[in-house]
Amino acid sequence: MGARQQFVRFALVGFASNLLSYALYIALTMFGLNPKLSMSLLYCTGVFQTFFFNKKWSFRFEGAARSSLVRYVIAYALGYFINLAALVLLVDGARFPHQLVQGVMIIIVAVMLFLVQRYWVFPQTSKREIP
């Protein structure tokens, strides 16, 4: 499967997941939950929610689930810390609206995660297990 088709599938999975997560993020923060805590809770939920869909549908990866899940969690941990750093620097430091910062970060982190998943988490060069 080509990169374009993978990206479209990845984008559909991500769009659905992020739309739901962003709506929940806005709701949680409207009810008084701290923006960074809201993002953290929803981020963790989103990682496990999207793993299955991306493995089976977006990338059609046939390798072992365990090691790909470990790589997936590492990739999303990196994305999480990038997202958290943006909230700390741009919301706490520069006083930008958290809604805007989080909306932009969804896009930035998504592009990074697609590339990491295509080339490291679910590599297409081999069907063998990669540690």
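1. In this predicted model, the axes of helices α3 and α4 approach to within 9 Å and cross at roughly 155°. Angles over 145 degrees count as roughly antiparallel, and that makes α3 roughly antiparallel to α4. The crossing between α3 and α4 is right-handed. For a reader new to the structure, it may help to know that α3 covers residues 65-93 and that α4 covers residues 98-121.

2. Helix α4 also has α1, residues 3-30, as a partner, since the axes of α1 and α4 come within 10 Å and cross at roughly 150°. That angle makes α1 roughly antiparallel to α4. The handedness can be stated as well: where α1 passes α4, the crossing is right-handed.

3. A third helix pair should be read alongside these, namely α1 and α2, which pack at an angle of about 155° with their axes 9 Å apart. The helices α1 and α2 are therefore roughly antiparallel to each other, and their crossing is right-handed. Helix α2 spans residues 35-58. As to why two values are quoted for such a pair, two packed helices are described by the angle between their axes and the distance between the axes.

4. Is Gln6, a residue of helix α1, buried or exposed? At a relative accessibility of 0%, Gln6 counts as buried, because the term buried applies under 20% relative accessible area. The C-alpha atom of Gln6 is separated by 8.8 Å from that of Phe114, although their positions lie 108 residues apart along the chain, counted as the distance from one to the other.

5. Tyr43, which is found in helix α2, offers another example of a buried residue, with a relative accessible area of 14%. Its partner in the comparison of C-alpha positions is Ala77: the two residues are 34 residues apart along the chain, and their C-alpha atoms are separated by 9.3 Å.

6. How many salt bridges does a search of the whole structure find? The search finds one, and in it the side chains of Lys36 and Asp92 meet, with 3.0 Å from N to O. The pair links distant parts of the chain, with Lys36 in helix α2 and Asp92 in helix α3, 56 residues apart. Lys36 has a relative accessible area of 22% and is partly exposed, while Asp92, with a relative accessible area of 33%, is partly exposed too.

7. On the surface, a nonpolar patch is formed by Ile107, Val111, Leu115 and Tyr119, which together have about 430 Å² of accessible area. One of these residues, Val111, has its place in helix α4. At 43% relative accessibility Val111 counts as partly exposed, because that term covers values between the limit for buried, under 20%, and the limit for exposed, over 50%.

8. Two arginines deserve a careful look at the backbone, beginning with Arg60, whose phi is near 50°, a positive value in a residue other than glycine. Arg60 has its place in the loop between α2 and α3. With a relative accessibility of 44%, Arg60 counts as partly exposed.

9. The other arginine is Arg95, which has a positive phi of about 65° although it is not a glycine. Arg95 lies in the loop between α3 and α4, and so belongs to the connection between the two helices described at the start of this note. Is Arg95 buried or exposed? At 66% relative accessibility, Arg95 counts as exposed, because the cut-off for that term is over 50% relative accessible area.

10. Finally, the segment after α4 contains Gln124, which is partly exposed, with a relative accessible area of 30%. Between the C-alpha atoms of Gln124 and Ile107 there is a separation of 24 Å, the two residues being 17 residues apart along the chain. Ile107 has already appeared in this note as one of the residues of the nonpolar surface patch.

Technical notes:
Residues are numbered from 1 along each chain as its sequence is written. This is a predicted model: local features need pLDDT of at least 70, side-chain atom pairs count only at pLDDT 80 or more; totals for chains, interfaces and linings use all residues. Side-chain values use heavy atoms; hydrogens and water are left out. Patches are made of residues with over 30% relative accessible area and no salt bridge: like charges are joined within 9 Å, nonpolar side chains (Val, Leu, Ile, Met, Phe, Trp, Tyr) within 5 Å. Accessible areas come from the Shrake-Rupley method with a 1.4 Å probe; for residues, only the protein chains shown count as cover. A salt bridge is a side-chain nitrogen of Lys or Arg within 4 Å of a carboxyl oxygen of Asp or Glu. Helices (H or I, at least four residues) and strands (E, at least two) are DSSP runs, numbered from the N terminus. Buried means under 20% relative accessible area, exposed over 50%, partly exposed in between (1.4 Å probe, protein chains only). Axes are lines fitted to C-alpha atoms, for helices over the stretch in contact, and angles run from 0 to 180 degrees between N-to-C directions. Angles under 35 degrees count as roughly parallel, over 145 as roughly antiparallel, 65 to 115 as roughly perpendicular and the rest as oblique. A crossing is left-handed if the near helix is turned anticlockwise from the far one by less than a right angle, and right-handed if clockwise.
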